[in-house]
Amino acid sequence: MAKLHAYTDGACSGNPGPGGWGVLMRATEGGKTVKERELSGGEAATTNNRMELLAAIHALEALARDSEITIVTDSAYVKNGVTSWIHGWKRNGWMTAAKKPVKNVELWQRLDAAQKRHKVIWEWVKGHAGHPENERADELARAGMAPFKSAR
């Protein structure tokens with residue numbers, strides 16, 4: 001059975017500003033890549049955190065069937081949010097511990113819904129540290145941002 005990994009990243013030129021998200025999806029068997037897929041997109045006016053969230057969302061939404069997948073992100077915001085903070089937010093009606101509305105709530109809700117059909121393992125890697133798949137996801141995020149950056 002193939003192992004699925006999605007390497008996700010977001011980028012922003014200015015924060016807020018034009019931004020992009022990128023995903024490198026890879027299926028491996030016996031340590032060998034059997035299939036790869038790249039996804040990217042962007043928005044004209046956004047934040048880095050929104051792009052990081054959209055990368056993870058698009059990775060999960062791209063799966064045609066229920067899957068076991070490891071999502072690798074360099075965003076502590078995404079990893080901590082989805083593995084820890086989200087439980088309290090949901091209990092508190094999408095309010096933070098400080099009783100303030102959760103930022104990017106619609107994306108957190110979309111991510112929560114997207115991961116429900118899958119068995120997801122979340123991993124964090126240090127960004128811009130030479131991790132080849134993370135570097136490729138960053139290239140894809142910057143490519144997704146490019147059309148919006150030139151329109152400024």
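**Exercise 1. Is aspartate 138 buried or exposed, and which residue is its salt-bridge partner?**

Solution. The model is a predicted one, and the values below are computed from it. Begin with accessibility: aspartate 138 has a relative accessibility of 7%, and because buried means under 20% relative accessible area, aspartate 138 counts as buried. Next, look for the partner, which is arginine 142, with the closest N and O atoms of the two residues 2.9 Å apart. Arginine 142, at a relative accessible area of 41%, is partly exposed. Finally, place the pair along the chain: both residues belong to helix 4 (residues 132-149), and because they are four residues apart there, about one helical turn separates them.

**Exercise 2. Determine how helix 2 and helix 3 are oriented to each other, and describe the contact between them.**

Solution. Take the geometry as the starting point: helix 2 (residues 76-91) packs against helix 3 (residues 105-116) at an angle of about 95°, and the axes are 11 Å apart. Since angles of 65 to 115 degrees count as roughly perpendicular, the two helices are therefore roughly perpendicular to each other. Now list the residues that meet: helix 2 contributes Tyr77, Val78, Gly81, Val82, Ile86, Trp89 and Lys90, while helix 3 contributes Trp108, Leu111, Asp112, Gln115 and Lys116. Sorted by class, this contact has seven nonpolar, two polar and three charged residues.

**Exercise 3. Follow aspartate 112 from its position in the chain to its contacts and its salt bridge.**

Solution. Aspartate 112 lies in helix 3, and with a relative accessible area of 9% it is buried. If neighbours within four places in sequence are set aside, aspartate 112 is in contact with Ile86 and Lys90. The contact with lysine 90 can then be specified further, for the side chains of aspartate 112 and lysine 90 meet in a salt bridge with an N to O distance of 2.9 Å. This pair links distant parts of the chain, aspartate 112 being in helix 3 and lysine 90 in helix 2, 22 residues apart. Lysine 90, unlike its buried partner, counts as partly exposed, at 37% relative accessibility.

**Exercise 4. How many salt bridges are there, and which residue pairs with glutamate 61?**

Solution. The count comes to ten salt bridges. In one of them, glutamate 61 pairs with arginine 110, the closest N and O atoms lying 2.8 Å apart. Here too distant parts of the chain are linked, with glutamate 61 in helix 1 (residues 48-61) and arginine 110 in helix 3, 49 residues apart. As for accessibility, glutamate 61 is partly exposed at a relative accessible area of 38%, and arginine 110 also counts as partly exposed, at 31% relative accessibility.

**Exercise 5. Describe the pairing of strand 2 with strand 3 and the turn that connects them.**

Solution. First establish the direction: strand 2 (residues 17-29) and strand 3 (residues 32-46) run antiparallel and are joined by twelve bridges. Then pick a position within the pairing, such as glycine 19, which stands opposite glutamate 43 in strand 3. Last, examine the connection, where two residues lie between the strands of this hairpin, and where glycine 30, in the turn, has a positive phi of about 60°.

Key
Residues numbered from 1 in each chain as written. Predicted model: local features only at pLDDT ≥ 70, side-chain atom pairs only at ≥ 80, totals over all residues. Heavy atoms only, no water. Pairing = 2+ DSSP bridges. Axes fitted to C-alpha atoms, helices over the stretch in contact; angles between N-to-C directions. Parallel < 35°, antiparallel > 145°, perpendicular 65-115°, else oblique. Contact = heavy atoms within 4.5 Å. Nonpolar A, V, L, I, M, F, W, Y, C, P; charged D, E, K, R; others polar. Salt bridge = Lys/Arg side-chain N within 4 Å of Asp/Glu carboxyl O. Buried < 20%, exposed > 50% of the residue type's maximum accessible area, 1.4 Å probe, protein only.
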